[in-house]
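Here is a short guided look at a protein chain for someone meeting it for the first time. Take a moment with the picture below, then read on.

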Amino acid sequence: DMDKKCICHLRSIYRAITALEQEMQKLHGININEGMLLCLLSENKSLTSGEIAEALGLTCSNTSKIICAVEKKELISRDMGKTDKREMYFSLSAAGKKRLEEMKECNWELPEILTQVLEKTKNE
């Protein structure tokens, strides 16, 4: 019975994240992975796609799609590596910084279940 309770709890968290993502999309025009990419780049000057994939825990293929989507929205910029011209480095653009600032205002309603989860992680 404990297993059933656990999976049902996960379903509630998953639904809350989906609802939050829809709200982010509506308010800011980006999804959770795109938002996480912006946050990551705000904490690091510039990163390669491999470093981004590793930091976000995503496949290279998925990371590539996210980078492409965010680049189309002009929220990040790409620069060639200084030593290896094949290496691309990504960083936040001015528009990306502005979008992230708008998002940091958290003008969306965080579902109760996610508030509980985030409170627990803050205290660890």
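E74 is exposed, because its relative accessible area of 59% is over the 50% cut-off. The position of E74 is in the loop between α4 (60-72) and β1 (76-80). Its backbone is worth a look too: E74 has a positive phi of about 60°, although E74 is not a glycine. Keep in mind as you explore that this is a predicted model.

Now step back to the whole chain. It has 6 helices and 2 strands. Starting from the N terminus, the order of the elements is α-α-α-α-β-β-α-α. Along the principal axes, the C-alpha atoms fill a box of roughly 55 × 30 × 25 Å. The chain counts 124 residues, and 30% of them are buried. If you take the contacts between residues at least 6 apart in sequence, 52% of them join residues at least 24 apart.

Next, a pair of helices. How do α2 and α3 lie relative to each other? Helix α2 (residues 32-43) and helix α3 (residues 49-56) have axes that come within 11 Å and cross at roughly 110°. That angle falls in the range of 65 to 115 degrees, so the two helices count as roughly perpendicular to each other. The crossing in which α2 passes α3 is right-handed.

Which residues make this contact? On the α2 side they are N33, M36, L37, L40 and L41, and on the α3 side they are I52, A55 and L56. Sorted by class, the contact of α2 with α3 has 7 nonpolar residues, 1 polar residue and no charged ones.

Finally, the cysteines. How many disulfides does the structure hold? The number is 0. C60, for one, is in no disulfide: the nearest cysteine sulfur belongs to C68 and is 14 Å away. For a disulfide the two sulfur atoms would have to be within 2.5 Å, so the distance from C60 to C68 does not qualify.

How accessible are C39 and C60? The table puts them together with E74, the residue met at the start.

| Residue | Relative accessibility | Class |
|---|---|---|
| C39 | 33% | partly exposed |
| C60 | 57% | exposed |
| E74 | 59% | exposed |

C39 counts as partly exposed because its 33% lies between the cut-offs of 20% and 50%. C60, at 57%, is over 50% and therefore counts as exposed.

Technical notes. Residues numbered from 1 in each chain as written. Predicted model: local features only at pLDDT ≥ 70, side-chain atom pairs only at ≥ 80, totals over all residues. Heavy atoms only, no water. Buried < 20%, exposed > 50% of the residue type's maximum accessible area, 1.4 Å probe, protein only. Axes fitted to C-alpha atoms, helices over the stretch in contact; angles between N-to-C directions. Helix = DSSP H or I, 4+ residues; strand = E, 2+ residues; numbered from the N terminus. Parallel < 35°, antiparallel > 145°, perpendicular 65-115°, else oblique. Left-handed = near helix turned anticlockwise from the far one by under 90°. Contact = heavy atoms within 4.5 Å. Nonpolar A, V, L, I, M, F, W, Y, C, P; charged D, E, K, R; others polar.
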